[in-house]
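Here are a few exercises on helix packing and charged pairs, each with a worked solution. Keep the structure open beside you and try each task before reading on.

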Amino acid sequence: MIPHFYRKLTCDTATVGRHRQKRKRTCDKVPGVKKPKPPQLRGVKLRRAVLDATIARVEAVGIDQVRIADVAVAAGVHETSIYRRWKTLARLLTDALVSRTAAEVPIPDTGSVRTDLAEFATALARFVATPTGTALVRGTVVADDDPEVTAMREEYWHHRLTASEQIVRRAQSRGEVAATADPRTVVLSLGGLVHIHAIHLGREISAETIRAAVDMIVDGIAAS
């Protein structure tokens, strides 16, 4: 029989000493006593769970069909937690897409613009060939009437292009690339080639094509 004073305990009541193990064994058996709720996700754990759930929804239904309510269920968090941190669906999608792409396609810094561009294009090609990469790339280039998705797409490409342009800007500071070369044009030329193969041609770009494209670009922008 459970001692009388244990019936008055709730599962979140602190106990000490020899009563701790006893309470753990009897708490679930006491009528009217609620089990403790699992700890709420916060900080880094909350962000990781929500971003992973967002990417999973993008893969499953496409960017234009992602809803915060569905992400919350998949992540095991309250909608209010998502709105409190990201405010809008567009910001959530942008954070998820930029974070995943940055992890899969890091910006190399080897000290050689030729090597940097080759490694960047190779990583990008490998990424867009995966189910996740295909879903992300298609979702960020296919037109959509939803203003939130449009805003997300614009912000995503702003982040990615700005980060990728550092390859060229660093090369310019080293004197490898002419100061007149436009970093965005360089990145769009190479990245666009990879995307066209993945989306429109339906196949991964070959290493030989990447190498030839990089050589042509670098030879054209090299400092004289």
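**Exercise 1. Find out which parts of the chain the salt bridge between R47 and D95 ties together.**

Solution. Start with the pair itself: in this predicted model, the side chains of R47 and D95 form a salt bridge, with 2.7 Å from N to O. That falls inside the cut-off, which is 4 Å. Next, place each partner: R47 belongs to helix α3 (residues 43-61) and D95 to helix α6 (residues 89-104), so the bridge links parts that are 48 residues apart in sequence. To put the pair in context, the count of salt bridges comes to ten.

**Exercise 2. Work out how α11 and α12 are oriented towards each other, and which residues make their contact.**

Solution. First take the geometry: helix α11 (residues 183-200) packs with helix α12 (residues 207-221) at an angle of about 165°, their axes being 10 Å apart. Angles over 145 degrees count as roughly antiparallel, and α11 and α12 are therefore roughly antiparallel to each other. Their crossing is right-handed. Now turn to the side of α11 that takes part: V186, S189, L190, L193 and H197. From α12 come T209, A213, V214, I217 and I221. Sorted by class, the contact of α11 with α12 has seven nonpolar, three polar and no charged residues.

**Exercise 3. Describe how α7 is oriented relative to α11.**

Solution. Begin with the axes: those of helix α7 (residues 113-128) and α11 come within 10 Å and cross at roughly 30°. Since angles under 35 degrees count as roughly parallel, this makes α7 roughly parallel to α11. The crossing of the two is right-handed. On α7, the contact uses L117, A121, L124, A125 and V128; on α11, it uses V186, L190, G191, V194, H195 and A198. The classes are nine nonpolar, two polar and no charged.

**Exercise 4. Do the same for α9 and α11: what is their orientation?**

Solution. Helix α9 (residues 147-164) and α11 pack at about 115°, with axes 9 Å apart. The range from 65 to 115 degrees counts as roughly perpendicular, and α9 and α11 are therefore roughly perpendicular to each other. Here α9 passes α11 in a right-handed crossing. Then list the partners: W157, H158, L161, T162 and S164 in α9 meet R184, V187, L188 and H195 in α11. Their classes are four nonpolar, four polar and one charged.

Conventions:
Residues are numbered from 1 along each chain as its sequence is written. This is a predicted model: local features need pLDDT of at least 70, side-chain atom pairs count only at pLDDT 80 or more; totals for chains, interfaces and linings use all residues. Side-chain values use heavy atoms; hydrogens and water are left out. Axes are lines fitted to C-alpha atoms, for helices over the stretch in contact, and angles run from 0 to 180 degrees between N-to-C directions. Helices (H or I, at least four residues) and strands (E, at least two) are DSSP runs, numbered from the N terminus. A crossing is left-handed if the near helix is turned anticlockwise from the far one by less than a right angle, and right-handed if clockwise. Contact means heavy atoms within 4.5 Å. Ala, Val, Leu, Ile, Met, Phe, Trp, Tyr, Cys and Pro count as nonpolar, Asp, Glu, Lys and Arg as charged, and the others, Gly among them, as polar.
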